[in-house]
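Subject: Structure handover

Hi,

Here is the structure I promised to pass on, and my notes on it follow underneath. Could you read them with the model open beside you?

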Amino acid sequence: MRTILITGPGGSGRTTIAAATALRAAGEGVRTLLLSADRTDTPGTALGTPTGPAPVQAAPHLTVWRPDATERFRQDLAAFQTRAVNVLDLLGAARLDAEEVTPLPGAEELSFLRALRDGALSERYDLLVADLPPLAPALALLGLPEELRRYLRRLLPPERQAARALRPVLGRLAGVPMPADWLYETAARWDVELAAVEAVLTDRDTAVRLVAEPGPAGADAVRTAGLGLALRGLRTEALIANRTLPEAAPDGWLAGLLAQQRKTLADWSDPYDVHPVPHLGRDPHGPDDLAALAVPAVNPAPATAGWPVTDRTAEDGVLVWHLPLPGAIREELDLVRRGDELLITVGPFRRIVPLPSALRRCTVAGAGLRDGELRIRFAPDPSLWPGGGR
């Protein structure tokens with residue numbers, strides 16, 4: 001199962017490109033699901049087929065789905081109230097009816113992530129094309145499963161067997177009731193669901209396509225997005241330069257815009273696999289217009305991505321952790337080790353990552369940023385390393 005995540009700045013045409021990508025794959029006989037986070041029916045407008053909260057077949061081998069976050073939130077809240085009925089009764093709380101429930105902030109994102117998991121794990125499809133929100137909310141969305149799992153582990157650690165026996169004693173000492181089993185069970189269930197989403201996002205068959213118009217604003221957005229995606233360990237498969245002008249553009253303001261596009265495309269050509277998509281002179285509508293965009297086919301053999309650790313103990317006495325961070329600036333980079341975790345801040349982004357097992361028995365010996373790659377050196381701790389670090 002391949003998963004292609006598509007995002008870009010607002011107004012860049014990312015949903016149309018997602019629809020064109022899905023339609024091309026379906027036309028090649030690939031069973032494709034187009035999953036869209038768009039609140040309006042932009043995918044249906046592009047494809048010429050209305051779409052909604054129920055999956056619909058928009059073309060042979062192509063299914064389109066726009067999940068309904070409100071209905072999913074109602075179902076989740078109803079299930080939660082059923083499990084917590086004893087606690088609610090103890091507090092004298094009145095249960096909410098489904099008709100009075102409106103989604104809380106974050107419910108839409110969680111609903112989309114669960115739909116992403118369901119689509120990726122379905123055996124009905126060979127390719128999932130996910131039309132993500134614009135760049136800023138998309139980057140936050142992609143980091144949500146990992147961050148929520150970390151919060152759950154800190155607030156309700158899974159190592160609860162000993163605490164279960166001590167709970168009555170602790171409750172009397174503290175003067176407040178301790179968390180009930182159902183709370184730990186709920187946290188465990190959420191952790192499993194979030195882990196499944198995280199597995200989809202970090203799978204080697206998952207890649208990102210960025211969509212942007214070539215120009216100063218698009219260049220800034222792509223630079224920021226590339227850094228944020230790299231910090232999440234996500235690989236950018238292709239950069240779609242949308243709405244490019246023909247080389248035979250007339251003189252005048254279009255000629256200046258064309259020169260601007262040429263410069264941006266030249267800057268993008270080195271770090272990215274760039275695919276210019278022509279401006280049709282109108283908003284694409286229907287299969288013929290989407291085919292005219294000539295988006296690239298999905299690569300059936302994706303390149304692997306990761307943060308490898310190389311053993312340099314024989315030569316330099318250190319292990320080196322390689323973190324690709326294209327576009328990172330030394331002055332905007334900060335590293336803090338906290339136990340078995342590393343807090344990485346780069347530009348506007350921040351991530352807390354667990355150290356690989358081998359590095360947990362080491363001390364940080366230094367770090368350097370070179371050619372868009374952060375290299376962190378770890379020296380074996382003699383007290384923890386087999387053979388005393390030799």
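One cut-off before anything else: a residue counts as exposed when its relative accessible area is over 50%, and as buried when that value is under 20%. With a relative accessibility of 73%, D371 is therefore exposed. Please keep in mind throughout that this is a predicted model.

D371 sits in the loop that links β14 (362-370) and β15 (373-380). Its backbone is worth a look too, as phi is positive there, about 55°, even though D371 is not a glycine. For background, most residues other than glycine have a negative phi. A294 is another non-glycine residue with a positive phi of about 55°. You'll find A294 in the loop between α11 (287-292) and β9. Is A294 buried or exposed? It is exposed, because its relative accessibility is 53% and the cut-off for exposed is over 50%.

Now the overall picture. The protein has 390 residues, and 43% of them are buried. Its secondary structure consists of 11 helices and 15 strands. About 20200 Å² of surface is exposed, with carbon and sulfur atoms supplying 56% of that area. If you take the contacts with a sequence separation of 6 or more, 69% are between residues 24 or more positions apart.

On to the helices, starting with α5. Helix α5 covers residues 107-121, so to speak 15 residues, and spans 21 Å from first C-alpha to last, close to the 21 Å expected at 1.5 Å a residue. Its buried residues are A107, S111, F112, L113, R114, A115, L116, R117, G119 and A120.

How do α5 and α6 sit relative to each other? Their axes cross at roughly 90° and come within 10 Å, so the two helices are roughly perpendicular. On the α5 side the contact is made by E109, L110, F112 and L113, and on the α6 side by L141, L144, P145 and L148. By class, that contact has 7 nonpolar residues, 1 charged residue and no polar ones. F112 and L113, both part of this contact, also appear among the buried residues of α5.

Helix α6 (residues 135-155) also pairs with helix α9 (residues 216-231): these axes come within 11 Å and cross at roughly 0°. That crossing angle is why α6 counts as roughly parallel to α9. Here L135, L139 and L142 of α6 meet A221, A225, G228 and L229 of α9. The class split for α6 with α9 is 6 nonpolar, 1 polar and no charged residues.

Two strand residues to finish. L333 belongs to strand β11 (residues 333-338). Setting aside residues up to four places away in sequence, L333 touches L325, I344, T345, V346, L369 and L374. Of those partners, L374 is 41 residues away along the chain, with a C-alpha separation of 9.5 Å from L333.

D311 is placed in strand β9 (residues 309-312). This residue is exposed, because its relative accessible area is 52%. Beyond its neighbours within four places in sequence, D311 is in contact with V318 and L319. From D311 to W321 the C-alpha distance is 9.0 Å, for a sequence separation of 10 residues.

Over to you!

Note on methods
Residues numbered from 1 in each chain as written. Predicted model: local features only at pLDDT ≥ 70, side-chain atom pairs only at ≥ 80, totals over all residues. Heavy atoms only, no water. Axes fitted to C-alpha atoms, helices over the stretch in contact; angles between N-to-C directions. Helix = DSSP H or I, 4+ residues; strand = E, 2+ residues; numbered from the N terminus. Parallel < 35°, antiparallel > 145°, perpendicular 65-115°, else oblique. Contact = heavy atoms within 4.5 Å. Nonpolar A, V, L, I, M, F, W, Y, C, P; charged D, E, K, R; others polar. Buried < 20%, exposed > 50% of the residue type's maximum accessible area, 1.4 Å probe, protein only. Areas by Shrake-Rupley, 256 points an atom, 1.4 Å probe, with all protein chains shown as cover. Expected span 1.5 Å × (residues − 1).
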